[in-house]
There are 4 protein chains.
Amino acid sequence: MSTPLSQNSPEPVVTAQDPIRTSDPIPTPKAAPPDILRCAYMELVVTDLQASRNFYVDVLDLVVTEEDEETVYLRSFEEFIHHNLVLRKGPVAAVAAFSYRVRTPEDLDKAVAFYTELGCRVERRPEGFTKGIGDSVRVEDPLGFPYEFFHDVEHVERLAWRYDLYTPGALVRLDHFNQVTPDVPRAVKYMEDLGFRVTEDIQDAEGTTYAAWMRRKPTVHDTAMTGGDGPRMHHVAFATHEKHNIIAICDKLGALRLSDHIERGPGRHGVSNAFYLYLRDPDGHRVEIYTQDYYTGDPDNPVVTWDVHDNQRRDWWGSPVVPSWYTEASLVLDLDGEPQPVIARTDSSEMAVTIGADGFSYTRKGDEPDALPSWKQGEYKLGHQL
Amino acid sequence: MSTPLSQNSPEPVVTAQDPIRTSDPIPTPKAAPPDILRCAYMELVVTDLQASRNFYVDVLDLVVTEEDEETVYLRSFEEFIHHNLVLRKGPVAAVAAFSYRVRTPEDLDKAVAFYTELGCRVERRPEGFTKGIGDSVRVEDPLGFPYEFFHDVEHVERLAWRYDLYTPGALVRLDHFNQVTPDVPRAVKYMEDLGFRVTEDIQDAEGTTYAAWMRRKPTVHDTAMTGGDGPRMHHVAFATHEKHNIIAICDKLGALRLSDHIERGPGRHGVSNAFYLYLRDPDGHRVEIYTQDYYTGDPDNPVVTWDVHDNQRRDWWGSPVVPSWYTEASLVLDLDGEPQPVIARTDSSEMAVTIGADGFSYTRKGDEPDALPSWKQGEYKLGHQL
Amino acid sequence: MSTPLSQNSPEPVVTAQDPIRTSDPIPTPKAAPPDILRCAYMELVVTDLQASRNFYVDVLDLVVTEEDEETVYLRSFEEFIHHNLVLRKGPVAAVAAFSYRVRTPEDLDKAVAFYTELGCRVERRPEGFTKGIGDSVRVEDPLGFPYEFFHDVEHVERLAWRYDLYTPGALVRLDHFNQVTPDVPRAVKYMEDLGFRVTEDIQDAEGTTYAAWMRRKPTVHDTAMTGGDGPRMHHVAFATHEKHNIIAICDKLGALRLSDHIERGPGRHGVSNAFYLYLRDPDGHRVEIYTQDYYTGDPDNPVVTWDVHDNQRRDWWGSPVVPSWYTEASLVLDLDGEPQPVIARTDSSEMAVTIGADGFSYTRKGDEPDALPSWKQGEYKLGHQL
Amino acid sequence: MSTPLSQNSPEPVVTAQDPIRTSDPIPTPKAAPPDILRCAYMELVVTDLQASRNFYVDVLDLVVTEEDEETVYLRSFEEFIHHNLVLRKGPVAAVAAFSYRVRTPEDLDKAVAFYTELGCRVERRPEGFTKGIGDSVRVEDPLGFPYEFFHDVEHVERLAWRYDLYTPGALVRLDHFNQVTPDVPRAVKYMEDLGFRVTEDIQDAEGTTYAAWMRRKPTVHDTAMTGGDGPRMHHVAFATHEKHNIIAICDKLGALRLSDHIERGPGRHGVSNAFYLYLRDPDGHRVEIYTQDYYTGDPDNPVVTWDVHDNQRRDWWGSPVVPSWYTEASLVLDLDGEPQPVIARTDSSEMAVTIGADGFSYTRKGDEPDALPSWKQGEYKLGHQL
């Protein structure tokens, strides 16, 4: 193996424990949290069901498990539960549920106790909130998100071996959610109480935390907390097998003259090391296509902390993040189906400190702030004008 | 999505529970088993350390964490613990340990109690059996295998982001072990007591079980039990990111005029749905290169049972299995470093019932036994002459 | 760049000129040959048109340009001429034409003169022999093959950008033909007179030539001559973009329970360096899927001669060639539509000298003939029993 | 095959003949042009030879054929001639030669006659201008570019089979040059006289031609003419086998903290349909990495004309082109080694008509000019501020 060419290659700091601390914690309940297996599905409210169905079924090739005039139940190729995504027709584009599967039916009792102690609104429906799923608990969590927990679910055919049905961009798993919330350290503390573990985060030297990734299943995340005005949904992510599958999705969008659904990427993330693409659906809901992060299942899995000014943190190739990616996100609903009010972030915004007149990003630690080559200056300098 | 072309595509039977039953069970200990995280490393005894180092380091590009005149400690690109493979010089090619990482230091006490109750020989070394690893328990398990359990381990750099070091066939994770044992149902019962869960298996209509795959981490397996004369080690498997990485390994072996290290594949497994390649190292130890099986972490993950006569069970493309793959395997050592005696399998052998004069395989259920096209007849019919 | 690990890596001999000489030449015509651009299409006679259509359209995803009750005209994704493959219903499975496109309409006059001088039967049809193609010349060439030449052709949409239509195994170009003929040197001499240039060949130390690859367009071949009983058609080959596309075809055949259509591969060729797969269609016609050979367009492109005993010549990974691949091939028709009689090869057969009791193959030049490891012995030794 | 989802997918206009006309033609010489095989190598003058060697050899893994203190001769993995790129130390970063290989030695006489008749400065050196190459002709062509023609060349090992040397981003062929010139139609007319054929171009409804692609070998181009201040060199392009190889180059640049060498991409071109990446070397010379365009070798290969306002023309996924890509390019040298003066383009600039306040781009023909979604507005609108 050859000697590395650079002394200062991968610069994020690796620590044994989550380095995020909050000064405004949500009290830890005495009740034990439910044993969450994984993020399982998202329920999206869409304003034009046919347009959304076209996007998710005809363009992204998700599989329809079941549908009616109001709702489409979709799954990915390797899934064996009823759905990973529900499209429900409604007046306002929003997220109705971030749904997690728990290990046992009894974990629903734990969920009720956990959130009741937190003073949250809790609703349990033995018949479930969506088709294909039984006894379920939905809550308005302390951050304002509609979280769901369930165990009972209808099994359907796992299409993993059905290569006669695969398309070039086949989506094989739901990988993760991503949520926007104003106070990331406060959110992390609550999620850790819920049993999540931080795998990576973005901070600055002053101690501001801009984002954190947290997992139950042993991937980089089941959900992430992104600092910003919230509660809002930043994106939902599906996995492909290989990188060429993601490229095939872009190519197909081009062929359909729908390339303006591409918001950012494809690229390689610094955080998570995954290959990615961000799309916007007909309502503007953001969908990530994602592949090849790493195993995180050991309890002492090293936590990776990235400097917010490291321009390879969000894109390993240094491609700037488009401003809309920082500022736009989907509303989330309360248990009555009304949009939750959005609270402004008061900490520094990642966009402000990295793009444009107020911020800077470096490729190599120690570079002068104005060291960008000519072809990068426009990309990084113009952000403040938006 | 188009209509499937075939009515009888993927034919394995899917059930909710492991369908394997034994009439000769090892009694379940009252002591709780240790909480195993994952298969972590294998210790291989090799007869020519330099030849083995060439194979694993110069050809397969595993990373040397540490080495001395007797031992080489190797890891894969995404690993953060000290090693996934130990090559130790010795007089007889064999396996000294199948090593699993457990969740907590206290799980070692559980391992001691569990195996002591089973009447097994148990040895605990606070300083570990290999470099980089602390307090460890080794046992001669009820099947005769040298199993190890540890928690304390030295962390090393996770090279996931070090693309300056990647080679075209980069190995990124240890994926699983595979063990040969005469009585598969008896082995499965013991492994379930140890906390493993069956994901797939191969049976026949008469109820003979030929092999079973079992997991702790949520992949198809951490180890598998393959029916045959045992205890022996069938293979150790490393994962790549994509299929082309596996092809690159074959291409490199060709360029080095070492292609006779390829025993079987590359191909697509039926069981596990992974893309695979089997190599033989300079001592004949078998190494699998493997990519893209599926998530199995839900407790009700469907169990897939394949018919032993389905010629797509071990290779989805119907390529016959070379006889050596069925018959050859590595010796395993007892805790004194002496080879364990090998006990003959008394159940039917998978090779006998599927290849040659005594057996048959079909591509489509219901095909006549002699329905093979001319180009398959030689491959499937000649096995009995070996 | 690291030092190569092996001193005797790639061993074929590279020479400046085609090293093949014949003692029984077909006289070179005084008439200039037509200026051939490339192999353009094959006309296949199939006995069950619906079954063949299913195979080429539903399984291999070739595009139907046009069809009627007797005939299906197919093309690949990047083609802009009317077709690359014609399936025509007939009583005997055979090849009706190997068709080449020539540079100008006037090259048809040259083709007539060239073959007339050779004493061949020649038929010219201003309206063409198949739909979509104009003025054409068909001949029974000196080796007994039905060769066609045309220039005028209907243009159709080049679907290169139509990623909405691509499937995981999309075929993008017709790459080459492969013909079986008893006397390879004699065939090569004639093809060189026709304007082809040898790029690679297989010989032995005694001077027997087993096969030769020849090109017009700057790839490794537009056609190859394979030694055997002939005239017969060995295979027709289509190109994919990447290796995973070929794997996808195998995976799909598995899902459809049609894996017995796979005859050989996938693998990496030594000759041509391409990644390959051989299928057999419902009539047994052989189709190769092929990707990534190299540029050969310079007049002094080095000629690569492989030793017939080098077991990496046909598969770079040393996988043995299945006997049917050597012995089975399709009949070809004369201009009346009658099968040409097949003449036996009198030179040594490649299969006999490389597999089984009469032959041997080596991985490394200088290896003992019996140096095969256990897992290769069965594969290479049993061939003679067929 | 499913029905296309969009009626207006791929919109470029396809015609049988080059639709570019000039009102200011360079007279066609009576002398026949040389028979050019392909673009063969570029001679780059670099200001820091060690830095450039690091970039091309240690980062991009080109193979060193030969080197001395002033010069490094590099080739790609499938090349058999001495070099595809020469790095020569000099005071000003520039291009010393765009070099083409011709079919025969006699073609050099034709080149001399052709350019002498054009009134160009011509210099012939029987010993060649660079090592490894014999008799050569260099000219200052009518557009001011230093063009070279040669036939005699030293053969070196074609490393195509040397997979022991391949790296994840291996470059396998020189694919094309790209030149900046003020008057594209005038340049095209001269290049057609030289024997090139147009494969694709970019125009607007007013008849302005912004760029044209032209080929000798049957790919989309051996060189392209890009409208802008010139003569300058826009880029030199090398091919990889697959798309993941290009991604691997980006990943490696990230690992080396050299990601600011990435100027644009990776992406899919509209023009050429190839997958691409643009890098800038230590002197700012632009290098493209490129894979998978299509066969163009038929004389009636359809010409594809793209609308300059089609935002999928240069990137099929609609990613905007960074302004530096339009404005920056390398100087070219005259035969005395002095930089050629740069003449300003007087036609509209592609950047001005497509980005920012003066221009617009559409995803779907007929879209309103302000139809861009929020996430595209910043990217397309801010260009004018640079």
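Biologist: How many residues does the contact take from chain D and from chain A?

Modeller: This is a predicted model. Two residues are in contact if their C-beta atoms lie within 7 Å. The contact takes residues from both chains: chain D gives 42 residues and chain A gives 42 residues.

Biologist: Which element of chain D gives the most to the side that touches chain A?

Modeller: Several elements of chain D each supply at least two residues of that side. They are strand 15 (262-268), helix 5 (323-327), helix 7 (374-381) and helix 4. With eight residues, the element that gives the most is helix 4 of chain D.

Biologist: How many nonpolar, polar and charged residues are on the side of chain D that touches chain A?

Modeller: Split that side of chain D by class. It has 12 charged residues and 13 polar residues, and its nonpolar residues number 17.

Biologist: What rotation superposes chain D on chain A, and what kind of axis relates the two copies?

Modeller: The rotation is 180°, with 0.0 Å of shift along its axis. The RMSD after superposing chain D on chain A is 0.0 Å. The same surface serves both copies, as 100% of the contact residues of chain D recur in chain A. The two copies are thus related as by a two-fold rotation axis.

Biologist: At roughly what angle do the axes of helix 4 of chain A and helix 4 of chain D cross?

Modeller: Both helices span residues 243-255, and their axes come within 10 Å. Angles of 65 to 115 degrees count as roughly perpendicular. That makes helix 4 of chain A roughly perpendicular to helix 4 of chain D. The axes cross at roughly 105°.

Biologist: Which residues in helix 4 of chain A meet helix 4 of chain D?

Modeller: The contact of these two helices has two nonpolar, two polar and two charged residues. From helix 4 of chain D come Lys243(D), His244(D) and Ile247(D). From helix 4 of chain A come Lys243(A), His244(A) and Ile247(A).

Biologist: Turn to chains C and B. Which element of chain C gives the most to the side that touches chain B?

Modeller: This contact takes 42 residues from chain C and 42 residues from chain B. Helix 4 (243-255), strand 15 (262-268), helix 5 (323-327) and helix 7 (374-381) of chain C each supply at least two residues of the chain C side. By class, that side has 17 nonpolar, 13 polar and 12 charged residues. Giving the most, with eight residues, is helix 4 of chain C.

Biologist: What percentage of the contact residues of chain C recur in chain B?

Modeller: A turn of 180° and a shift of 0.0 Å along the axis lay chain C on chain B. The RMSD is 0.0 Å. The same surface serves both copies, and the share that recurs is 100%.

Biologist: Now look inside chain C. How many residues of strand 17 are buried?

Modeller: A residue is buried if 20 or more other C-beta atoms lie within 10 Å of its own. Arg286(C), Glu288(C) and Tyr290(C) point one way from strand 17 of chain C, while Val287(C), Ile289(C) and Thr291(C) point the other way. Both sets are buried. Strand 17 (residues 286-291) is mostly covered, and its buried residues number six of six.

Biologist: Which strand of chain C pairs with strand 17 in the parallel sense?

Modeller: Strand 16 (residues 275-280) of chain C runs antiparallel to strand 17, joined by six bridges. There, Leu279(C) stands opposite Val287(C). On the parallel pairing, Ala239(C) has Tyr290(C) as its bridge partner. That pairing has four bridges, and the partner of strand 17 is strand 14 (residues 232-239) of chain C.

Biologist: Which residue of strand 13 of chain D stands opposite Gln179(D)?

Modeller: Strand 10 (residues 173-181) of chain D is largely enclosed by the rest of the structure, because nine of its nine residues are buried. It pairs antiparallel with strand 14 (residues 232-239) of chain D over seven bridges, where Gln179(D) stands opposite Met233(D). Strand 10 also pairs in the parallel sense with strand 13 (residues 223-227) of chain D, over three bridges. In strand 13, the residue opposite Gln179(D) is Met225(D).

Biologist: Is Gly132(D) buried or partly exposed?

Modeller: Gly132(D) sits in the loop between strand 7 (122-125) and strand 8 (136-140) of chain D. Its contacts beyond four places in sequence include Tyr73(D), His82(D) and Val153(D). A residue needs 20 or more C-beta neighbours to be buried. Gly132(D) has 19 inside 10 Å, so it counts as partly exposed.

Technical notes. Residues numbered from 1 in each chain as written. Chains lettered and ligands numbered in written order. Predicted model: local features only at pLDDT ≥ 70, side-chain atom pairs only at ≥ 80, totals over all residues. Nonpolar A, V, L, I, M, F, W, Y, C, P; charged D, E, K, R; others polar. Least-squares fit on C-alpha atoms with pLDDT ≥ 70 in both. Axes fitted to C-alpha atoms, helices over the stretch in contact; angles between N-to-C directions. Parallel < 35°, antiparallel > 145°, perpendicular 65-115°, else oblique. Buried ≥ 20, exposed ≤ 12 C-beta atoms within 10 Å, placed from the backbone. Pairing = 2+ DSSP bridges.
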